[in-house]
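Open the model in your viewer and keep the selection box at hand. The tour below goes stop by stop, with what to select and what is there.

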Amino acid sequence: MNWQLLLTFLPLVASTPTLQQYLAEHNAVSVESTPQLLVDSYIDQLYGEVVNTKETEQVKQQLLASGIRAPQHDILLTFVDEVDLVGSPWQMALTLDKMRKHHEKSARQKAHQGYLRSRLKINLPSDDDTSDLSGESLFGGIVTFGKFRTFNCFDPAQFDNPIDVAIVGAPFDTGTSYRPGARLGPESIRLNARRLGQGLTPVRGNGPHSKLSRVDPYDPKNHNATIIDCGDVPMTPFDNRVSLNQLYRGQRAIHNHEVSGKAKLISHTKVITMGGDHTITLMALRAAYEKFGKLAVLHFDSHIDTWDPEVLGGGITDYMSLNHGTFLHYAAEKGYLAKDHCFHLGLRAPYISAAYDIQHDKDCGFETITARDLDRVGKQGIVDRVKEVVGDLPVYISVDIDVLDPANAPGTGTMEIGGWTGRELLSVLDGLEGLNVVGGDVVEVSPPFDTNSEITGLAATAVIDSMLGLILVQDF
Ligand SMILES: *[C@@H]1O[C@H](CO)[C@@H](O)[C@H](O)[C@H]1NC(C)=O
Ligand SMILES: [Mn+2]
């Protein structure tokens, strides 16, 4: 083997177009720069963040100094062992690439051993030190929505304990016509809100000029409002009449709380309710109506829910008349709604008795924006129309999670194809910035039908987060 010959030949080979091409195609670095680049990039790629401390930086420097940087002649020696000098530049290129891979592997092994050595240097706190155990944990701890404070909001002795915004569960699903399970909704929504708070707040608002982009509901210093998770209203599963009355009294109790006075525009407690099937909204509307007057209801749903009990459910007993498809009929009948200032948004489900249902719906005071209107007039078209009609009336937002496409929310009672995506719903909701939102709910989350990644619960969490933003932004 002629060493001198090889040393003169190698740069020649490396500079032929064929070799450069081959190396480029195989995403390799050029021969001259190989050893340095390999060593640096592998350590940084594999352990960049981990080694980026003073101590481990030293270990890294030691590694680099002692052997991990393979000298040029190592490559040549391997080359000498393996290559047939008579071979074409193409064959030599293949061999060089083989060597490169071998070298990368050993560099990786050395780096890993160095990393393992550096890990041994961990300094644990003393056994009685608990200073890092007092903070909240992302996936542990007692679960409230967004880690908001909780107390018994239904206890009259606590009424002077201020609440500006309350979040409360309504675990009820015996008004449902198809798949049940929404009584477990509040639990799922809270679980999916664990990753909110402690500095975590979603990007909100439609663009940089939105005031919503400055709101963080989970930072009290950001908005000065007192937000409380009131837990769930205890609702009996054995008699809907008692159960819904319990919810009404629970909502009333929350509305009886003082406000903190620190959030300028919140002069009455506002309640966001986690259902429960959609029947629960009637009680939330009743309690909100008593405090704020007639409500412009923005009803996000694939179904109209203004069905005349003659058409849906009513019959042998009056008891059957009130259910999750008729509650808006009763809300209209009771006078809770600001007639002709209410909207369905995202509608697409079949009517039961089409001509009659549509006329009856108008009589109840609703205008309809269908799911596909989003394609026709866009988010802005929808938002503009709603704002034009609603003006500064008190607005109550009720979101049936089945407004979303089943792909986005399969964990619900009555799925309908062709719904909005999560992003579209949030864009429309955030587009309502500036309206006088006095309350809201998200309903029909049925965890037993959700996927095991809980996307429906997560979607409902995002809706509540958005409602919090809409309520708080009024003060900005
Ligand atoms: C919160 O209170 C502080 C101190 O009074 C005030 O400067 C700030 O404007 C308030 N923030 C809002 C959103 O009302
Ligand atoms: Mn509904």
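Are phenylalanine 145 and phenylalanine 148 buried or exposed? Both are buried, where buried means under 20% relative accessible area, exposed over 50% and partly exposed in between, with a 1.4 Å probe and protein chains only.

Before going on, note that this is a predicted model, in which local features need pLDDT of at least 70, side-chain atom pairs count only at pLDDT 80 or more, and totals for chains, interfaces and linings use all residues. Residues are numbered from 1 along each chain as its sequence is written, chains are lettered from A and ligands numbered from 1 in the order in which they are written, and side-chain values use heavy atoms, leaving out hydrogens and water.

**Stop 1: aromatic rings**

The whole structure holds 4 aromatic pairs. Rings of Phe, Tyr and Trp (its six-membered ring) pair if their centres lie within 6.5 Å; planes under 30 degrees apart count as stacked, over 60 as edge-to-face and the rest as tilted. Keep phenylalanine 145 and phenylalanine 148 selected: the ring centres are 6.5 Å apart and the planes are at 15°, so this pair is stacked. Add Tyr218, which ring pairs link with Phe145 and Phe148 into a cluster.

Next select phenylalanine 300 and tryptophan 420, an edge-to-face pair with 6.5 Å centre to centre and 70° between the planes. Phenylalanine 300 is in strand S4 and tryptophan 420 in the loop between strand S7 (395-400) and helix H14 (422-431), so the pair ties together parts 120 residues apart in sequence. Helices (H or I, at least four residues) and strands (E, at least two) are DSSP runs, numbered from the N terminus. Both phenylalanine 300 and tryptophan 420 are buried.

**Stop 2: the manganese ion**

Select ligand 2, the manganese ion, together with its protein donors His278 (ND1), Asp301 (OD), Asp305 (OD) and Asp400 (OD), which lie 2.0 to 2.3 Å from it. Donors are N, O and S atoms within 2.8 Å of the metal (3.2 Å for Na, K and Ca); water is not among the atoms, so sites may look incomplete. Along the chain the donors have the spacing H-x22-D-x3-D-x94-D. Histidine 278 is buried, at 0% relative accessible area, and aspartate 301 is buried at 0% as well.

**Stop 3: ligand 1**

Select ligand 1 and the residues around it: Asn222, Asn224, Lys264, Asp475 and Phe476, each with a heavy atom within 4 Å of the ligand.
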